[in-house]
Amino acid sequence: MSVVRLGEMQAAEGKTDELGDFLLSIVPIITGSEGCVSCQLLHNQDDPTKFVMIEVWESAEFHQASVKNIPPEKLTAIRPLLGGPPSGSYYTDE
């Protein structure tokens, strides 16, 4: 059974375009990770500073292991683009 990971992020003031570009740049890294079924980035139409990344994984363990595929300098680069800490949760079908 697959697991869906919803990750929510909000851009810091004046950083919406930069955060969107950054998130798009890591989609290929995510989709190239072992166990990734799909990854989609969505942009909130009511609040353009908000983004949601929907990732489908073979398991939560694959998602957790995939973080090592993102270069540390990329993880450091996202911090000033965020308006607060990102949040994320795992979901499965009933």
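Glycine 7 of strand β1 has glycine 88 of β4 as its bridge partner. That pairing belongs to an open sheet of four strands, ordered β2-β3-β1-β4, with antiparallel pairing. The model is a predicted one. A helix packs on the sheet, and the largest pocket has a volume of about 490 Å³.

**The sheet as a whole**

- The strand order is β2-β3-β1-β4, and the pairing is antiparallel.
- Strands β2 (36–43) and β4 (87–91) form the edges, each pairing on one side only.
- On average, neighbouring strands are turned by 15° against each other, direction ignored.
- Helix α1, residues 16–31, packs on this sheet and touches β1, β2 and β3 (50–57).
- The direction of α1 makes about 5° with that of β3.

**Strand pairs**

- Strand β1 covers residues 3–10 and is joined to β4 by five bridges.
- Besides the glycine 7 and glycine 88 pair, valine 4 has tyrosine 91 in β4 as its bridge partner.
- Eight bridges join β1 to β3, and these two strands run antiparallel.
- Within that pairing, methionine 9 is matched with phenylalanine 51 in β3.
- Strands β2 and β3 also run antiparallel, joined by seven bridges.
- Serine 38 has valine 56 in β3 as its bridge partner.
- A hairpin is formed by β2 and β3, with six residues between them.

**Two faces of β1**

- Side chains alternate along β1.
- Val3, Arg5, Gly7 and Met9 point to one face and are buried.
- Val4, Leu6, Glu8 and Gln10 point to the other face and are not buried.
- Gly7 and Met9, on the buried face, take part in the pairings named above: glycine 7 with glycine 88, and methionine 9 with phenylalanine 51.

**The largest pocket**

- Its volume is about 490 Å³.
- The lining of the largest pocket is made up of 23 residues.
- Met9, Ile26, Ile70, Leu75 and Pro86 lie nearest the centre of the pocket.
- The elements giving two or more residues to the lining are β1, α1, β3, α2, α3 and β4.

**Salt bridges**

- The model has two salt bridges.
- One joins glutamate 18 to lysine 15, with the closest N and O atoms 3.5 Å apart.
- Glutamate 18 has a relative accessible area of 40%, so it counts as partly exposed.
- Lysine 15 is partly exposed as well, at 28% relative accessibility.
- The other salt bridge joins the side chains of aspartate 47 and lysine 50, at 4.0 Å from N to O.
- Aspartate 47 is partly exposed, with a relative accessible area of 23%.

**Lysine 50**

- Lysine 50 sits in strand β3.
- It counts as partly exposed because its relative accessibility is 37%, between the limits of 20% for buried and 50% for exposed.
- Leaving aside neighbours within four places in sequence, lysine 50 is in contact with Met9, Gln10, Leu42, His43 and Asn44.
- Lysine 50 and lysine 15 are 35 residues apart in sequence, and their C-alpha atoms are 11 Å apart in space.

**Loop residues: proline 71 and glycine 83**

- Proline 71 lies in the loop between α2 (60–66) and α3 (72–78).
- Its relative accessible area is 25%, so proline 71 is partly exposed.
- The C-alpha atoms of proline 71 and isoleucine 29 are separated by 9.5 Å, though the two residues are 42 residues apart along the chain.
- Glycine 83 lies in the loop between α3 and β4.
- Glycine 83 counts as exposed because its relative accessibility is 56%, and exposed means over 50%.
- Not counting residues up to four places away in sequence, glycine 83 touches Gln10, Ala11 and Ala12.
- Glycine 83 and leucine 41 are 42 residues apart along the chain, with their C-alpha atoms separated by 18 Å.

Technical notes:
Residues are numbered from 1 along each chain as its sequence is written. This is a predicted model: local features need pLDDT of at least 70, side-chain atom pairs count only at pLDDT 80 or more; totals for chains, interfaces and linings use all residues. Side-chain values use heavy atoms; hydrogens and water are left out. Two strands pair if DSSP finds at least two bridges between them. Axes are lines fitted to C-alpha atoms, for helices over the stretch in contact, and angles run from 0 to 180 degrees between N-to-C directions. Contact means heavy atoms within 4.5 Å. Buried means under 20% relative accessible area, exposed over 50%, partly exposed in between (1.4 Å probe, protein chains only). On a 1 Å grid over the protein atoms alone, a cavity is a set of points where a 1.4 Å probe fits but cannot get out, and a pocket is an open set with protein on both sides within 12 Å along at least five of seven lines; lining residues have an atom within 4 Å of a point. Grid points are joined across faces, edges and corners, and a volume is the space filled by probe spheres set on the points.
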